[in-house]
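Me: I've just opened this model and want to talk it through with you. Let's take it piece by piece, from the overall layout to the inside.

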Amino acid sequence: MPAPNRVTYAWRLIAMLERSGPAATDPTVLRAESNRRRRLSRLPIAQFVTGRFDRRAVAEDSFADLADGTTLSLRIYRPRSQGDRTLPVVVNFHGGGWVSGDPRQSDWWCSSVAAGAGVVVVSVDYRLAPEYPFPTAVEDSYAATCWVVERADALAVDASRVAVMGDSAGGNLAAVVSLLARDRGGPKIGLQVLIYPAVEMIDEFPSKAENAEAPVLRAVDMDRHRDVYLNGADGSDPLASPLRAEHAGLPPALIQTAQYDPLRDQGAAYADALRSAGVDVRLTNYADAVHGYASIPGLVPQASQALADAVEEIGRAFAADPASDAAER
């Protein structure tokens with residue numbers, strides 16, 4: 001069964017505007033594609049696809065100076081009503097196949113999570129392949145998470161209430177940061193929110209063939225992104241394929257998947273692996289949804305329910321009541 005026509009036809013138009021060609025691996029072509037997509041997403045009309053920034057939140061652009069001398073850009077979202085309160089923090093990693101994207105593509109999702117769950121969301125602009133292949137994005141993401149916790153007072157966040165979140169490639173990074181936090185002695189992660197995550201680089205699952213030509217993400221795109229990101233590295237490394245890791249002792253997880261997504265079965269497999277290791281997991285799959293719904297709610301109505309589920313789970317993890325917080329505002 002194909003994806004809904006409204007998504008299929010709209011995505012064809014978007015691909016034409018982006019001038020997306022064959023699946024290239026040349027660094028210059030990849031960066032040009034990413035930059036075109038970024039410019040288009042900044043156009044005022046784009047918000048009908050990408051969603052409106054939640055007016056109950058505010059955002060500021062900042063940066064993190066890491067211990068190795070790297071400076072990463074950050075986008076920080078707060079409830080407009082935060083005032084002098086110290087709030088839980090969610091560190092977010094954007095999607096884009098490790099080769100494209102930036103925190104602003106998650107404005108709708110992250111501003112809504114901040115406002116709805118009463119948390120601060122810090123979205124990390126980690127370095128991208130092919131210029132910076134695996135494991136650069138992994139180490140950037142972990143270092144940025146540590147940076148946020150170390151500077152909790154300055155950021156007005158609670159270092160004892162930390163979650164990680166990401167979609168697609170960002171879901172991979174959120175899962176891997178959870179592994180590293182466990183194995184490197186911190187920081188303590190209270191929840192991992194994995195939105196249609198990529199968790200396996202070698203083995204394939206039925207959803208890849210079933211949705212090989214789905215809108216937004218095709219099977220050929222999955223292969224290209226994997227190859228560019230790994231750049232010859234071993235895909236069985238658990239820092240690339242967290243499905244292959246030991247999962248005992250990991251934080252609880254919310255895993256979201258979409259019906260028409262070649263990555264769908266990877267999320268379900270990760271949920272099974274976590275449960276087998278005694279980790280609490282909530283798995284949700286959204287009928288008629290496609291990959292990328294967190295960034296294109298205007299095309300995928302189910303994105304609103306996915307957002308509500310994420311807000312609920314984050315609120316529960318931090319013993320907060322999102323409904324009462326929203327009412328207070």
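**Sheet first**

Me: In what order do the eight strands line up in the open sheet?
Reply: Keep in mind that it's a predicted model, where local features need pLDDT of at least 70, side-chain atom pairs count only at pLDDT 80 or more, and totals for chains, interfaces and linings use all residues. Residues are numbered from 1 along each chain as its sequence is written, and side-chain values use heavy atoms, leaving out hydrogens and water. Strands here are DSSP runs (E, at least two residues), as are helices (H or I, at least four), both numbered from the N terminus, and two strands pair if DSSP finds at least two bridges between them. With mixed pairing, the order comes out as β1-β2-β4-β3-β5-β6-β7-β8.

Me: And which strands sit at the edges, and what does the twist average?
Reply: β1 (57–65) and β8 (281–290) each pair on one side only, which makes them the edge strands. Angles run from 0 to 180 degrees between N-to-C directions, with axes as lines fitted to C-alpha atoms (for helices, over the stretch in contact). From one strand to the next, the twist averages 20°.

Me: β1 and β2 form a hairpin. Which residue of β2 is the bridge partner of aspartate 65?
Reply: There are five residues between the two strands, and glycine 69 in the turn has a positive phi of about 95°. β1 pairs with β2 (residues 71–79) in the antiparallel sense, over nine bridges. Alanine 64 is bridged to leucine 72, and the partner of aspartate 65 is threonine 71.

**Helices on the sheet**

Me: What angle does helix α5 make with β3?
Reply: α5 (residues 136–150) packs on the sheet and touches β1, β2, β3 (87–93), β4 (120–125) and β5 (157–167). A contact means heavy atoms within 4.5 Å. The direction of α5 relative to that of β3 is about 165°.

Me: Which strand is used for the angle of α11?
Reply: Helix α11 (residues 302–317) also packs on the sheet, with β3, β5, β6 (191–195), β7 (253–260) and β8 on its list of touched strands. The angle of about 165° is taken against β8.

**Inside the sheet**

Me: How many of the 11 residues of β5 are buried?
Reply: β5 has parallel partners: six bridges join β3 to β5, and five join β5 to β6. Phenylalanine 93 is bridged to glycine 166 in β5, while alanine 163 stands opposite leucine 191 in β6. Buried means under 20% relative accessible area, exposed over 50%, and partly exposed in between (1.4 Å probe, protein chains only). β5 is mostly covered, and its buried count is eight.

Me: Which residue of β4 stands opposite leucine 74?
Reply: β2 is mostly covered, with seven of its nine residues buried. It pairs with β4 in the antiparallel sense over five bridges. Opposite leucine 74 you'll find valine 124.

**Covered helix and cavity**

Me: Why is α4 described as largely enclosed by the rest of the structure?
Reply: The buried residues in α4 include Trp108, Trp109, Cys110 and Val113. Right after the helix comes glycine 118, with a positive phi near 65°. α4 is largely enclosed because its buried residues number 11 of the 11.

Me: Serine 106 is in the loop between β3 and α4 (107–117). What's its relative accessible area?
Reply: Not counting residues up to four places away in sequence, serine 106 touches Tyr77, Asn92, His94, Ser111 and Asp167. It also helps line the largest cavity. Serine 106 counts as buried because its relative accessible area is 4%.

Me: How much space lies in that largest cavity?
Reply: On a 1 Å grid over the protein atoms alone, a cavity is a set of points where a 1.4 Å probe fits but cannot get out, and lining residues have an atom within 4 Å of a point. Points are joined across faces, edges and corners, and volume is the space filled by probe spheres set on them. Asn92, Gln105, Ser106, Trp109, Asp167, Ile195, Ala294 and Ser295 form the lining. The structure holds one cavity of 30 Å³ or more, and the space in the largest is about 40 Å³.

Notes: On a 1 Å grid over the protein atoms alone, a cavity is a set of points where a 1.4 Å probe fits but cannot get out, and a pocket is an open set with protein on both sides within 12 Å along at least five of seven lines; lining residues have an atom within 4 Å of a point.
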